[in-house]
Each structure stands twice: as C-alpha cells, then as structure tokens.
Amino acid sequence: MPTETVHSDNWLRRGPLDLIEHEHQVQAQLCDSLERIADDLPDNVDRRLCLQVIDSLQFEMPLHHRDEELGLFPLIEKRALPDDNIHDILARLALEHATDESFASELLESLEGLSEGKKLKNPDMVGYMLRSFFESYRRHILWENAIVLPLARARLTHEDMDELHRTMATHRQ
Ligand SMILES: [Fe+2]
Ligand SMILES: [Fe+2]
C-alpha cells in the first residue's frame with residue numbers, strides 16, 4: 001500500500017472532515033510549491049519538486065474533488081437550512097473543480113518537461129498559467145475552510161459522518 005494511502009487512512013480514522021481539512025493544508029503546500037516553480041522559471045526549477053507536484057495534480061486533487069462532490073456536498077445539501085444559502089456556493093465550487101482539473105492537465109506537459117530538465121519554449125506563458133492556477137486554488141481552499149467545513153460540522157449528523165467515511169474509504173480502495 002503506498003505511503004500516501006496509509007497516511008490518509010490514519011486521517012480518515014480520525015474523521016472524514018479531518019481528512020478533508022488535512023488535505024486542504026497539503027493543497028496549500030502544493031500552491032506554495034507551484035509558486036516556487038513559477039518564481040524559479042526558466043532555469044532554476046527544482047526537478048524533484050515538479051515530480052511531487054505532478055503526482056498531487058494528477059491523483060490527489062481529483063480524489064479530493066470526488067470526495068467533496070460525491071460525498072460531502074450532497075450531505076450538506078440534504079441537511080442545510082434555507083438560511084444557510086449554500087446551494088449556489090456548492091455549485092460554484094463544483095464548477096471550479098472541473099475548471100481546475102482541466103487547467104491542471106494543461107500544466108502537466110510543461111511540468112513533466114521541467115521534471116526531465118527540458119527547456120520550456122514558452123516560460124512566460126507557463127509562469128502566467130501557474131500563477132492563475134494557484135491563486136484561484138488558494139481562494140477555493142479559503143472558501144471551503146471558511147464556509148463549507150464549518151457548516152458541515154454544524155449540520156451533519158453522526159450517520160452522515162459515517163456515510164461520508166464510507167464514501168471516502170470506497171474512493172481509496
Ligand atoms: Fe473543493
Ligand atoms: Fe476541498
């Protein structure tokens with residue numbers, strides 16, 4: 001079993017929302033790494049950092065989005081009160097997942113080239129794309145930490161937490 005899977009199993013045992021919150025911290029570090037890569041373009045980029053970032057963008061980010069869209073968000077929708085006004089926010093966050101995943105797949109080719117020590121043909125454009133990506137992703141994490149997770153902690157029942165735990169465990173099998 002890969003180290004990351006064991007690690008996320010430990011967090012999941014504490015509680016599904018704790019794992020989501022922990023992954024937000026990891027994603028914040030991912031954004032810092034992307035900023036460092038953008039700052040170090042075109043010639044000083046850390047190739048190993050690129051490999052780590054590729055892995056996170058390719059596997060960890062989509063998994064996290066699946067947990068939220070198929071697990072967390074529907075449960076919040078079910079339990080939210082009308083005054084919570086959460087429906088539009090969740091719809092927007094889900095849309096951002098799709099946008100961010102397609103943006104990430106556009107970045108992958110350049111990051112793979114950098115990880116192999118190749119020179120980029122268009123470093124300014126790649127720098128611009130990296131910055132757009134991590135700036136919008138940082139905002140996304142802030143919204144979820146400030147609004148979505150506190151609401152989930154306030155509204156979800158023990159049964160909901162069990163269901164979320166099962167969904168997230170299934171995503172990791
Ligand atoms: Fe999200
Ligand atoms: Fe998230």
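**Exercise 1. Identify the side chain with which aspartate 67 makes a polar contact of 2.8 Å, and describe the setting of aspartate 67.**

Solution.
Step 1. In this predicted model, the side chains of aspartate 67 and histidine 171 are joined by a polar contact of 2.8 Å.
Step 2. Aspartate 67 is placed in helix α3.
Step 3. The relative accessible area of aspartate 67 is 0%. Buried means under 20%, and aspartate 67 is therefore buried.
Step 4. Leaving aside residues up to four places away in sequence, aspartate 67 touches Glu23, Leu72, Leu164, Met168, His171 and Arg172. Histidine 171, the partner in the polar contact, is thus one of the residues on this list.

**Exercise 2. Determine which residues coordinate the iron ion (ligand 2), and state why the arrangement is irregular.**

Solution.
Step 1. The coordinating atoms come from His24 (NE2), His64 (NE2), Glu68 (OE) and Glu144 (OE), at 2.0 to 2.2 Å.
Step 2. Along the chain, these donors of the iron ion (ligand 2) follow the spacing H-x39-H-x3-E-x75-E.
Step 3. Two of the donors lie in distant parts of the chain: glutamate 68 belongs to helix α3 (residues 47–79) and glutamate 144 to helix α5 (residues 123–155), 76 residues apart.
Step 4. Four donors count as tetrahedral if all angles lie between 85 and 135 degrees. The four donor atoms around the iron ion (ligand 2) subtend angles of 84 to 178°, which makes the arrangement irregular.

**Exercise 3. Determine which residues are the protein donors of the iron ion (ligand 1), and describe their spacing along the chain.**

Solution.
Step 1. Glu68 (OE), His97 (NE2), His140 (NE2) and Glu144 (OE) are the protein donors, and they lie 2.0 to 2.2 Å from the iron ion (ligand 1).
Step 2. The spacing of these donors along the chain is E-x28-H-x42-H-x3-E.
Step 3. Here too a pair links distant parts of the chain, with glutamate 68 in helix α3 and histidine 97 in helix α4 (residues 87–115), 29 residues apart.
Step 4. The site of the iron ion (ligand 1) is irregular, with angles of 85 to 178° among its four donor atoms.

**Exercise 4. State how far apart the two iron ions lie and what part glutamate 68 plays between them. Then decide whether glutamate 68, glutamate 144 and histidine 97 are buried or exposed.**

Solution.
Step 1. The iron ion (ligand 1) and the iron ion (ligand 2) lie 3.2 Å apart, and glutamate 68 bridges them.
Step 2. Glu144 (OE) is listed among the donors of the iron ion (ligand 2) and also among those of the iron ion (ligand 1).
Step 3. Glutamate 68 counts as buried because its relative accessibility is 1%.
Step 4. Glutamate 144 likewise has a relative accessibility of 1% and so counts as buried.
Step 5. Histidine 97 has a relative accessibility of 0% and therefore counts as buried.

**Exercise 5. Describe the overall build of the protein and explain why it is as compact as a globular protein of that length.**

Solution.
Step 1. The secondary structure consists of six helices and zero strands.
Step 2. The radius of gyration is 17 Å, close to the 16 Å given by the globule rule for 173 residues, so the protein is as compact as a globular protein of that length.
Step 3. Along the principal axes, the C-alpha atoms fill a box of roughly 50 × 35 × 20 Å.
Step 4. Of the 173 residues, 44% are buried.
Step 5. Among contacts between residues at least 6 apart in sequence, 81% join residues at least 24 apart.
Step 6. The accessible surface comes to about 9,800 Å², and 51% of it belongs to carbon and sulfur atoms.

Notes. Residues numbered from 1 in each chain as written. Chains lettered and ligands numbered in written order. Predicted model: local features only at pLDDT ≥ 70, side-chain atom pairs only at ≥ 80, totals over all residues. Heavy atoms only, no water. Donors = N, O, S within 2.8 Å, 3.2 Å for Na, K, Ca; no water. Tetrahedral: all angles 85-135°; square planar, octahedral: opposite > 155°, others 65-115°. Helix = DSSP H or I, 4+ residues; strand = E, 2+ residues; numbered from the N terminus. Buried < 20%, exposed > 50% of the residue type's maximum accessible area, 1.4 Å probe, protein only. Polar contact = N/O pair within 3.5 Å; in protein donor to acceptor, adjacent residues only side chain to side chain. Contact = heavy atoms within 4.5 Å. Rg over C-alpha atoms; globule rule 2.2 N^0.38 Å. Areas by Shrake-Rupley, 256 points an atom, 1.4 Å probe, with all protein chains shown as cover.
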